[in-house]
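Thanks for coming. I will go through one structure today, starting with charged pairs and then moving on to helix packing and a couple of buried positions.

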Amino acid sequence: MNRRSYTEKRVENRRRAPPTQSGDRYSGVRSNIDYDVKRHLEKSAKNAENRDLFDTVEAKHEFIEGVLAEFSAKEAVHLTTGTYQSTWVQRLLKQAGPVQVHQWAVKLWTDIGAILRNQSGSPILEHIIDVFTGLLGKNAYKPAPLSLLESLVELIMDRPSYFMSHQNSSYVVKRLIPIMAEHFPEQLKQFQQGLLSGRGEDDDVERSVLTFCMSPSASKVIAACVTHSDVMLRDIFEHIDELVLHDSGSIVVEALCTAGYSSEVSKRIDIAGIASHHAGCFVVKAILKSAKSRKVIKSTIMAVLTNFERIYSSGGARFDLCKVVCEAAGKFRIKSAQKEIADFFRSRFSARDNMASAILATGRKKGRMLASDKGSYIVQALLSFQYKNFEELFQSFANMESEHLLRMAVHFNASFAVEKFFKCQIESSVPNSVVRSVIDKLQPKMVGLIVDSKGSRIFEAVWERMNIAQRDQTMKQLTENDSMILDSRVGVIVARKIGYGDYRNNPNEWRNKQNKGKRIAEALERMEDEVEVEISQRKRKAQQGKYSKVQRVYSNKSEE
C-alpha cells in the first residue's frame, strides 16, 4: 500500500466513523483503521532499516520525517502507548535523526503524563531523552530539547515520589537525574529534599528514605541521585546495615561505592557476614571494583577469605564474587591473599589431579563438557597470581598431554584460560621454561589451531612467543596444508596477520623481516628494562630519604 492510497483511506474512514473514546482519554486513531496504521508503520520501519533503499542518510531521514508528519499529536500519543504499534514507532525513531525525534517529541509532550506511566511509551521516552542528552552538547540544537526536558522535570517535581515509585516512569526519572544535575541543579536539590521530607502527594503516609531505597522502582532513582549529589548521603548511611542485605537496597549501596565512597562503606558494614548473602555479595564486589586504596582492597579480601569455602560452593553471584576476589588479589599483588587462596585450592583437589583441569571442570555437568564458564573465569583470575605463590596451577599447563592441550585450546570456555596463560607470563613472572614446554606441545598442532575460531586466538598468542626457528617451522606446516587454510575464513585472516603470503612468495625475505623485527623488539625490551630499573632506584632513594628523615626526628626528640 503506497502512502497516497493509505492517506486517502484515512480521510474516508474519518468521515465515516465518529471519534472513539479509550478510557478517559481520546484515543486519536479510529478503531476501524488500526490495522492499516499497524501495517503502514511496520512497512515504514522495515524500509527505514533497509540500507539498500537510500543513497544517503539525509534521504532516509527525509523519508522518516514524511512518515511521522502524517500523524497528529493525539494519534502520536495513541501509537506510542499502543502495545503493538509502539514497537514499530521505536524502531522508526532509532533510524531517525535528531530533528525527526524532536518533532515527534513535540507531539508526545501534549500528553506526556500518560506516556510516562505507560509500559509501551516509557521505553520510547527513554530513547528520546538519550537523543536529547547527545544534543545538549551542541549549541545548534540545545534550546529546543532543553525546553521540553524542563517541562518534563516540572511535571515530575509536582509528584516526585509517585513518578519514581511507578514501575514504568522510574526508568525515565533515572535517565533525567544526570541531566538535572548538569542543567537543573536547583530542581535536583529540591527533588531530593522533597523525598527526605517523607510526605506523599496522594496521602498523609510518611515515607522515609529507607522506604524508597527498598522499593524496586525507586531504588534505581535513589542510586542515580547519590551518584550525582550528596544531599541524601547522611540518611542512607544511617540505614546502610539494613540496605546491604536487601535486594533493592543493595543497588543504592553499590551506587555509593561507584560514586567514590567505597572506603566509608567498607568501614560501616560487616564484610565477612554479608559476603555469603545473595544481595550483600554485590556490595562486596562493588567495593573491590571501585576502591582505589590498596589498604581497603586488602582488608576486604581478607574478610571475604574467612568464609571463602562457602562462597565458592554457592552458585550465581556469590561464585562470581570469588572471581572478583582472585582478580583483585592478583592485580594488587596481595601476597598473603594469594597464598591463602592457593592453599584453599590445594586442599580442595588431590595432588594427583591436574590443577588447571580440575578447576576448569568446576560447575560442569559430568561428562557433558571439558570446562565450564565458571571454571574458566576462576582460572583466568588465578593466572594473575605470582608464579611462586601458585606454582602448581602454572605447571599444570606444562604437564598436560598435547592432545588434551589441543582440546582445551579449541574449547569455547577453556580456550580463554589457555590464552590468559600465555599473556600473563610477564606480569606473573612465569619462567620461560614453563611457557616453552607448552609451546613445544602445541607446535605440531598449529594448523588445527589457525583454522578454528577459538584456536586462532591461541595461535596468535603462541606466535608472539615463538622464536624465529619455531616460526619458520610453523610456516612450513602451513604451506603443506595450504588448501585447508584458504578454505577457512578465520585461517585466512590470521595468515594475513603473520605474513603468510610473503613467506609463500619469498621465504628468505620473510626471514630477514622477522630477524629485523626481533632485533627491534629486543631493543625496545632492553629500553623498558632500563627505565624500570631507573624508576625502582629512584623509589628506593626516596624511601631511604624518608626513613632517614624520620630517624632524625626521633633522635631529636630523644635528645630533648
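A salt bridge here is a side-chain nitrogen of Lys or Arg within 4 Å of a carboxyl oxygen of Asp or Glu. With that cut-off in hand, take R234 and E238: their side chains meet in a salt bridge, at 3.3 Å from N to O. Keep in mind throughout that this is a predicted model.

Where do R234 and E238 sit relative to one another in helix α15? They are 4 residues apart in α15, which covers residues 233-238, so about one helical turn separates them. As for the surface, R234 has a relative accessible area of 58% and is therefore exposed. E238 is exposed as well, at 52% relative accessibility. The cut-off for exposed is over 50%.

A second pair with about one turn between its members is D320 and K323. Their salt bridge has an N to O distance of 3.4 Å. Both belong to helix α22, residues 317-331, and because they are 3 residues apart there, the separation is about one helical turn. D320 comes out as partly exposed, with 23% relative accessibility.

Now a pair of another kind. D130 forms a salt bridge with R175, and the closest N and O atoms lie 2.5 Å apart. Which parts of the chain does this pair link? Distant ones: D130 is in helix α8, residues 121-135, and R175 is in helix α11, residues 169-183, with the two positions 45 residues apart in numbering. D130 has 39% relative accessibility, so it counts as partly exposed. R175, at 32%, counts as partly exposed too.

There is also a network: R39, E42 and K46 are linked by salt bridges. How many salt bridges does the structure hold? The count is 17.

Let me step back to the whole chain. It has 560 residues, of which 46% count as buried. The secondary structure consists of 36 helices and 2 strands. If we take contacts between residues at least 6 apart in sequence, 68% of them join residues at least 24 apart.

On to packing. Two packed helices are described by the angle between their axes and the distance between the axes.

I will start with α11, the helix that carries R175. The axes of α11 and helix α14, residues 218-228, come within 8 Å and cross at roughly 10 degrees. Angles under 35 degrees count as roughly parallel, and that is why α11 is called roughly parallel to α14. On the α11 side, the residues in the contact are S170, Y171, V173, K174, I177, P178 and A181. They meet K220, V221, A224, C225 and H228 of α14. Sorted by class, this contact has 8 nonpolar, 2 polar and 2 charged residues.

The other helix pair is α20, residues 294-305, with α23, residues 335-348. Here the packing angle is about 20 degrees, and the axes are 10 Å apart. The angle again makes the two helices, α20 and α23, roughly parallel. Their crossing is left-handed. Which residues make the contact? From α20 they are K298, I301, M302 and L305, and from α23 they are S336, A337, E340 and I341. By class, that gives 5 nonpolar, 1 polar and 2 charged residues.

Last, two buried positions, where buried means under 20% relative accessible area.

Is C257 buried or exposed? Its relative accessibility is 1%, so C257 counts as buried. C257 belongs to helix α17, residues 249-268. Setting aside residues up to four places away in sequence, C257 touches S262, V265, V283, A286, I287 and S290. A related distance: C257 and K285 are 28 residues apart in sequence, and their C-alpha atoms are 9.6 Å apart in space.

The second position is S86, in helix α5, residues 85-95. Its relative accessible area is 5%, so S86 is buried. What does S86 contact, leaving aside its neighbours within four places in sequence? The partners are L79, T80, S120 and I124. Of these, I124 has a number within the range of α8, residues 121-135, the helix in which we met D130.

That is the end of the tour. I am happy to take questions.

Notes
Residues numbered from 1 in each chain as written. Predicted model: local features only at pLDDT ≥ 70, side-chain atom pairs only at ≥ 80, totals over all residues. Heavy atoms only, no water. Axes fitted to C-alpha atoms, helices over the stretch in contact; angles between N-to-C directions. Parallel < 35°, antiparallel > 145°, perpendicular 65-115°, else oblique. Left-handed = near helix turned anticlockwise from the far one by under 90°. Contact = heavy atoms within 4.5 Å. Nonpolar A, V, L, I, M, F, W, Y, C, P; charged D, E, K, R; others polar. Buried < 20%, exposed > 50% of the residue type's maximum accessible area, 1.4 Å probe, protein only.
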